[in-house]
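User: I'm new to reading protein models and would like a close look at one part. Could you pick out a helix for me and set it in its surroundings?

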Amino acid sequence: MPSQILPISALPPKSSLATEMFFKPQVYDDPSTSLLVSSRFDDGHSISSVKPLLSRAASFTASTTTAPSTTGCGGFAGWYQKTRRRTNSDNCLSALPNDANAAVDGGDDHRQSLGEEVEHAAAETFLLTRLSLKLLRYLGVGYRWITRFLALGCYAILLMPGFIQVGYYYFFSRQIRRSIVYGDLPRNRLDLYLPKNSDGPKPVVAFVTGGAWIIGYKAWGSLLGQQLSERGIIVACIDYRNFPQGTISDMIQDSSRGISFVCNHIAEYGGDPNRIYLMGQSAGAHIAACTLVEQAIKESGEGDTVSWSVGQINGYFGLSGGYNLLNLVEHFHGRGLYRSIFTSIMEGDEALRRFSPELIVQDPNIRHAVSRLPPVVLFHGTADYSIPSDARVFI
């Protein structure tokens, strides 16, 4: 049908209430003409507007747009009022009083604490990612490295059910005090596993976790902490800087600070300061042994100030540790911890002897320092391939 322009008929007076309330030209697609829209008011006036000619593909249809009635004021006015009520209702919902949220205010402290933990976890994840990328510069991307990485991934998948169970305990148990700060350096934090029974001071184990000096983390001791805390023993899992964020000297320094915190503050958490034991596993056993020997040498020197004493340690337990690094360089190289990386961790080939506790205690010049060491008990599985069992000799 050809287009037709219709004149606007007599409009109502500007002061008319109907004009103020309802004068709003509406344009929509009438299936019969696709052109003309009429709106009538209570006083009999009407307006007509003509929709510009559009292609049918670009126009709205009556099936998708509900048009107001074209006969009488009731249809158009009713549709308009419904639209206003719906808009006002939406505005009211967005402007609820603050009292409506009073019921959930009690959980603000919990959400804030959870938010801080999430923020800390995100920061540590970013740090670990950055350090992992830095570590790749020391690794050669070869066939052996890729196959070992895939094998490790498959092994982790098989252990995933156990990881989930331990992870749930670590993050949701009320008996764990996570990320207690013991120093002002990165990763100077420790986790405390507290027994449910609080009747009297408890014996304490300061535990240094393993991780090939590269992937050590305090959460690796959660299973040991759970088992010992259920038997009435407080466990302090000490975190420390890993390579490449730090070298062996930094790891020993962090370990010493963590032990110092335990010796000086464990009574505040229900621990017995007269029953403190030191324990380390794998690389953590090596770090803990080096820390113990270095502290004994410091105490034997003149004028050296110390924040804790080896006399406060009632015993040392080494689990699957390596204490003679000169005999382990080639073994680690064959297992994927390449010589270049290992010597970088240990600060050079010439420093391997200096960080080998087995060799240090054999030096006749420090026999007086060795006599200060607490009783030493070493455990090692004969089927251990990560560190051979014949490397368990310490004292």
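Analyst: Let's begin with a warning about confidence. Residues 3-12 keep a pLDDT under 50, and there the model has 17 contacts beyond four places in sequence. (pLDDT is the predictor's confidence in each residue, from 0 to 100; contact means heavy atoms within 4.5 Å.) Residues 90-104 also stay under 50, with one contact beyond four places in sequence. This is a predicted model, where local features need pLDDT of at least 70 and side-chain atom pairs count only at pLDDT 80 or more, while totals for chains, interfaces and linings use all residues. Residues are numbered from 1 along each chain as its sequence is written, and side-chain values use heavy atoms, leaving out hydrogens and water. The protein chain averages a pLDDT of 77, and 67% of the residues score at least 70.

Now for the helix. The chain has 12 helices and nine strands, which are DSSP runs numbered from the N terminus (helices are H or I, at least four residues; strands are E, at least two). Take α6, residues 222-229: its buried residues are S222, G225, Q226, L228 and S229. Buried means under 20% relative accessible area, exposed over 50%, and partly exposed in between (1.4 Å probe, protein chains only). So what sits over those α6 residues? Their cover includes helix α5 (160-172) and the strands β4 (189-193), β5 (202-208) and β6 (234-238).

Stepping back, buried residues make up 39% of the 395 residues in the protein chain. Of the chain's contacts with a separation of 6 or more, 70% come from residues 24 or more positions apart.
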